[in-house]
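Student: Could you take me through one part of this structure in detail, looking at a single helix and what follows it, and then at how other helices pack?

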Amino acid sequence: MVDITLSVNGVPREGSPEARKTLADFLRDDLDLTGTHLGCEHGVCGACTVIVDGRAVRSCLMLAVQAAGSEVTTIEGLAPDGGLGPLQQAMWDSHSFQCGFCTPGMVMQAAAFLSGHPDADESQIREALSGNICRCTGYQSIIDGVLLAAKRNRER
Amino acid sequence: MAAIAAERYTGASIKRSEDPRILTGAGRYVDDIKLPGMLHAAFVRSPVAHARVLSVDVSAARTLPGVVAVFTGAELEEMTVPGPDALMALMGWAGPTPEFTLLATDKVRFSGDPVAVVVAESRYLAEDGCELVEVEYEELPPVTNASFALDPGSPPLFANLGDNIARLHSRHEFGDVSATFADADRVTDFRIDVHRHQNMPMEGRGCVASYDTDSGAMTVYAATQSVHVSKIAVAMRLGMGQDKVRVLAGDIGGSFGLKIGASREELAVAAASRALGQPVKWVEDRGENLTTSGQAREESFDVRAAVSDDGDLLGLDVKTVIDTGSYPGMGAMVPDIIEAMFPGPYKIAALGFESTAVTTNKACYVAYRGPWASETFVRERILDLIAKDLGLDPLEIRLRNVAPRTDPPAVMITGRPLVGVTTRESLERIAQLVDFPAFRCRQAEARAQGRYLGIGVATFIEAAPGPREPEGSSGPMGNESMRLRLEEDGIVVLFTGQMPHGQSHQTTLAQIAADEFGVPFEQVRVVVGDTDVVPFGLTGGSRSATMTGGVALHGARQLKAKVVDVASHLMEASASDLEIADGQVFVRGDPASAIGVGEVARRAASGQFGDGLDAQLEVEAVFDGGEGGWSGGSHCAIVEVDAETGVVTVERYVIAEDCGALINPSVVEGQIRGGVAQGIGAVLLERSAYDEDGNCQSATLMDYLVPTACDIPRIEIEHLETVPLDADVNFRGVGEGGMIVAPPTVVNAIEDALSPFGVRIYEQHLSPARILELVAAADPGQ
Amino acid sequence: MKLPPVDYEAPESVPEAVELLAEYQDEASVLAGGQSLIPLLALRLTHPAVLIDINGIDELSGVSAADGWVAIGAMTREYVAEESGTVADAVPLLAAALPLIGHEAIRSRGTVGGSLAHADPAAELPAVARALDAEFVVCGPSGERVIPAAEWFEGFLTTSRRPDELLTEVRFPAAGRGTGVSFQEVARRHGDFAIVGLAASLTLSGGAISDARLAFAGLSDVPVRAGDAEDLLVGERPSAELFDEAALRAAGDIDPPADLHGSSDYRKKVAAALMRRGLRAAADHADERR
């Protein structure tokens with residue numbers, strides 16, 4: 001067991017995970033933040049994507065102990081007070097999702113990408129999200145949600 | 001006072017009520033469930049495809065700290081009641097039933113077959129425990145393909161069957177097959193193969209089983225397409241009364257046919273929970289999902305086509321062999337649906353159909369989005385091949401063969417009337433949406449520059465739910481029930497057996513009920529996922545739009561009548577003078593008379609009306625599908641094939657579809673696009689692969705490849721004006737259509753792109769390497 | 001798919017890390033970015049006794065240029081290298097390959113050194129390192145040694161790093177004027193491993209090819225230098241016919257493996273196609289960088 005402290009969604013948290021425990025499992029099991037999903041546990045599907053120190057990462061490919069001292073943002077913390085932020089709102093308006101299992105990772109990846117590329121076009125957005133698998137939508141509605149969020153952001 | 005307006009939700013892309021929780025991580029999937037004292041299960045699985053199990057030594061695993069119990073296959077047999085697969089029993093399967101145990105005892109039949117279950121304080125520890133279980137196997141020759149399975153010399157998977165025939169060969173004829181073939185100008189033979197691929201939902205199978213020792217009740221938190229079917233499966237296998245089992249389901253991360261009933265693993269977990277008196281969770285990981293949850297579509301077709309020189313498809317004679325994998329699932333039942341659907345929307349006058357299903361040492365055949373889809377693939381492929389032989393255009397040959405819409409309707413040679421089918425219109429609309437002549441020019445120019453563009457068309461119909469059956473409906477796909485209730489807070493609650501896993505029922509059903517009853521959308525709540533409160537139901541077969549949309553509509557109407565009746569007493573007005581709109585009951589033309597529906601419910605509950613009035617504001621509605629109907633459409637794809645690398649890009653994808661009246665266009669389009677994406681995936685990327693020893697080679701997402709945002713283009717969808725068949729319910733299902741017709745659409749386009757090389761395609765999976773092989777075989781100079 | 005039990009150490013300096021490696025030898029796995037190692041652990045394909053997490057050794061990160069070489073610390077994140085102006089200017093072939101590695105989230109954690117120490121022959125960076133004759137600096141109990149790329153890649157996921165050595169830095173020669181590059185790849189999907197990949201660098205001088213560096217990914221258990229093709233090209237003026245001939249030579253020279261994603265024959269055909277395309281693109285790029 002390794003004692004760690006880290007900031008999760010702006011709140012200091014601590015735990016004593018085994019070294020082998022992934023950040024994904026630590027978030028879900030130890031911190032009860034089950035919004036981050038496990039889709040493959042080998043780093044391909046992107047469902048587990050969270051933001052660590054400003055970068056989107058696959059939380060199934062990080063050990064919890066490696067996040068000690070870091071700032072982690074999960075889907076639960078993307079918008080203030082658990083409401084809907086502008087990206088989430090745009091995705092709601094665009095009917096972006098169906099079963100919702102890929103959603104947290106997709107939203108976090110999109111959020112991270114948009115914050116660095118606010119004027120991205122469709123093909124750039126597709127490429128940025130190509131590491132997040134969705135089995136329900138065929139992606140178009142997700143892309144539309146991201147484009148809408150970017151557009152609204154520019155107009156603000 | 002302003003007039004109270006009635007809003008029209010049906011037909012509008014109302015935002016989903018599911019989304020606020022989905023978008024904020026507040027969805028509740030099986031793996032999110034945590035119960036006090038909950039343990040975790042992991043399975044010891046066979047590394048070999050076919051073997052006798054000589055011994056299972058769990059002693060080391062049992063002593064690992066953190067491991068609470070280990071149950072072998074033999075122990076689980078003592079703890080459960082042997083019986084047939086619940087889904088097969090439900091669907092009335094009368095064929096040969098293989099005998100096998102819940103977990104493997106004497107033999108394993110596919111790589112990944114579960115042999116023991118380890119229950120521990122965490123999944124980590126359970127997996128550690130699995131590594132300590134020692135199993136001795138005596139390998140047997142693996143049966144890894146259908147032709148070996150058909151050989152009587154192949155070692156039988158199931159001792160009681162004596163061979164590897166899961167379903168005996170049968171032949172049926174419709175129309176005069178021999179005369180049709182004798183009189184035809186030409187008879188051509190084709191052999192077409194569809195490859196093994198699979199559902200791969202983002203969430204795998206899993207459950208939390210929680211047995212209460214005091215009450216003897218079992219609660220199962222499931223990921224399922226029907227809580228009632230899961231309940232039946234659990235009760236049967238555990239030998240429990242139905243009243244002692246409750247199945248709950250929250251959010252489900254996709255299924256596409258996979259999660260029906262209860263898998264062997266889920267039943268083992270339920271048995272473990274009962275034995276331990278503690279909740280036990282099992283959620284499969286991706287490796288398990290890819291190798292053991294089940295696979296689909298491995299079917300071969302020998303087809304003989306009787307054709308006129310002008311391009312009339314007069315008759316088909318089909319022999320199919322279905323590789324159903326190891327344990328029974330849907331495989332043995334699917335030939336019936338394939339046979340029934342084979343004529344499609346065409347004038348085919350004669351059909352011969354033979355089928356055999358075999359068992360092999362591979363994962364078992366499960367339902368996958370349009371399980372009968374190969375009939376469309378084979379038929380639409382053959383039409384293109386015939387068109388090429390005769391020098392006809394692919395649109396032309398289809399338009400020539402489409403059954404005209406007549407009254408009374410044309411009847412498929414296999415028996416179902418083609419009522420309301422708009423195939424002709426959808427093909428004509430494709431020709432308007434896509435400029436074929438311009439494409440042919442562009443194609444020719446591109447070829448001159450060494451680039452290979454192609455265009456493909458395919459059309460389909462699906463029984464969503466299908467036309468009214470003269471004999472009435474029966475079986476689990478029959479009538480649909482719903483309970484509707486007006487609560488005292490004015491909320492209209494719908495209790496449905498539907499179990500949405502992406503279909504947005506909580507939104508679409510609320511739209512229909514809100515419109516019909518007269519409350520705002522936000523004042524309707526759809527309750528799913530609890531066997532204690534919802535009626536029997538199952539989400540699948542593209543039937544819910546009609547069946548559940550219909551029962552919601554009629555049920556809301558019935559409930560409204562009751563409410564109006566009560567209100568008429570309250571308001572001392574005649575029921576026929578009352579309206580409900582925007583959640584208010586009022587006398588027509590007198591907005592000031594309005595009272596809230598909640599108020600009516602409160603007053604009804606107060607008992608002020610005495611016994612003379614039925615003041616129970618609840619109805620149990622049943623709907624038989626009304627006139628039912630077909631869904632269908634035509635798809636068109638433009639692709640580019642890189643002839644040096646075999647890489648295919650789908651440049652454009654256009655759809656003209658007819659699903660009747662749309663409840664929510666965005667939901668409809670999302671379902672269609674998702675299905676098309678899976679169809680594109682099947683052709684270009686997805687293959688459940690085994691080597692000759694029966695080892696699964698697509699055991700991670702690095703080898704089972706599904707399409708990403710860079711692989712699926714924008715999909716243009718046009719909805720056709722439908723032919724209304726029913727006075728009220730003209731919504732038809734779209735869940736499966738995209739996946740059914742996208743594969744032939746894309747393969748037709750690829751063949752068109754490669755026509756300069758003389759390529760003919762008789763298979764569905766076209767990896768880049770395979771495309772170069774086809775080019776080299778057709779044009780050795782390449 | 002949970003990781004097996006394993007001990008964990010997090011050294012804060014290179015000497016500390018080396019001491020641990022000396023103690024555990026091949027019972028230890030070095031944890032850098034984790035993007036390759038953690039999946040192997042999750043699939044329980046490897047069961048090291050201890051993970052030596054070097055993410056806390058700050059001195060292992062950084063990009064610097066000196067004396068015609070660009071030194072990249074082993075722990076430099078792939079995204080940092082991707083955003084580095086120094087890499088873009090001086091090691092354009094590396095800059096061309098980096099965006100093809102997996103997806104952005106992978107590159108957030110994956111490291112240049114980690115990828116090269118993992119040595120997957122289908123990965124992009126090993127082909128780049130082999131093409132450019134990069135140098136690998138390892139630190140062991142008896143000090144530092146420098147290993148040229150030709151000797152670094154020994155076999156499938158195997159390098160000449162000894163179990164008690166830590167890769168600390170990789171050095172790439174700086175590309176001069178007139179050097180153009182191209183990284184060509186056929187993968188099943190964007191971001192996947194290469195079925196076949198080609199790292200190509202051409203230097204033009206006075207209109208003729210003065211230097212040709214070509215290395216394939218995905219054709220063997222190590223990256224494969226297309227030496228015969230290189231020999232053919234040096235001294236010649238770029239032309240389609242020359243490039244066709246080079247492609248033939250390259251394809252004729254190799255015996256690629258077959259797997260789920262492609263037969264041996266397929267890989268040969270693709271190798272030839274990528275050679276033609278890569279040479280054309282590198283030559284055009286060289287022209288721009290005159």
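Tutor: Just after helix 9 of chain B, in what is a predicted model, Gly277(B) takes a positive phi of about 70°. The helix that precedes this glycine covers residues 264-276 of chain B, and because its 13 residues at 1.5 Å a residue should span 18 Å, the 18 Å between its end C-alpha atoms agrees with expectation. Helix 9 of chain B is mostly covered, with eleven of its 13 residues buried; the buried set includes the charged residues Arg264(B), Glu265(B), Glu266(B) and Arg274(B), and also Leu267(B), Val269(B) and Ser273(B).

Further along chain B, helix 13 (residues 394-401) and helix 14 (residues 423-433) pack at an angle of about 160°, their axes lying 10 Å apart. Since angles over 145 degrees count as roughly antiparallel, that angle makes helix 13 of chain B roughly antiparallel to helix 14 of chain B, and the crossing of these two helices is left-handed. From helix 13 of chain B, the residues Leu395(B), Arg398(B) and Leu399(B) meet Arg424(B), Leu427(B) and Ala431(B) of helix 14 of chain B. By class, this contact between helix 13 and helix 14 of chain B consists of four nonpolar and two charged residues, with no polar ones; the charged residues are Arg398(B) and Arg424(B).

Notes
Residues numbered from 1 in each chain as written. Chains lettered and ligands numbered in written order. Predicted model: local features only at pLDDT ≥ 70, side-chain atom pairs only at ≥ 80, totals over all residues. Axes fitted to C-alpha atoms, helices over the stretch in contact; angles between N-to-C directions. Helix = DSSP H or I, 4+ residues; strand = E, 2+ residues; numbered from the N terminus. Parallel < 35°, antiparallel > 145°, perpendicular 65-115°, else oblique. Left-handed = near helix turned anticlockwise from the far one by under 90°. Contact = placed C-beta atoms within 7 Å. Expected span 1.5 Å × (residues − 1). Buried ≥ 20, exposed ≤ 12 C-beta atoms within 10 Å, placed from the backbone.
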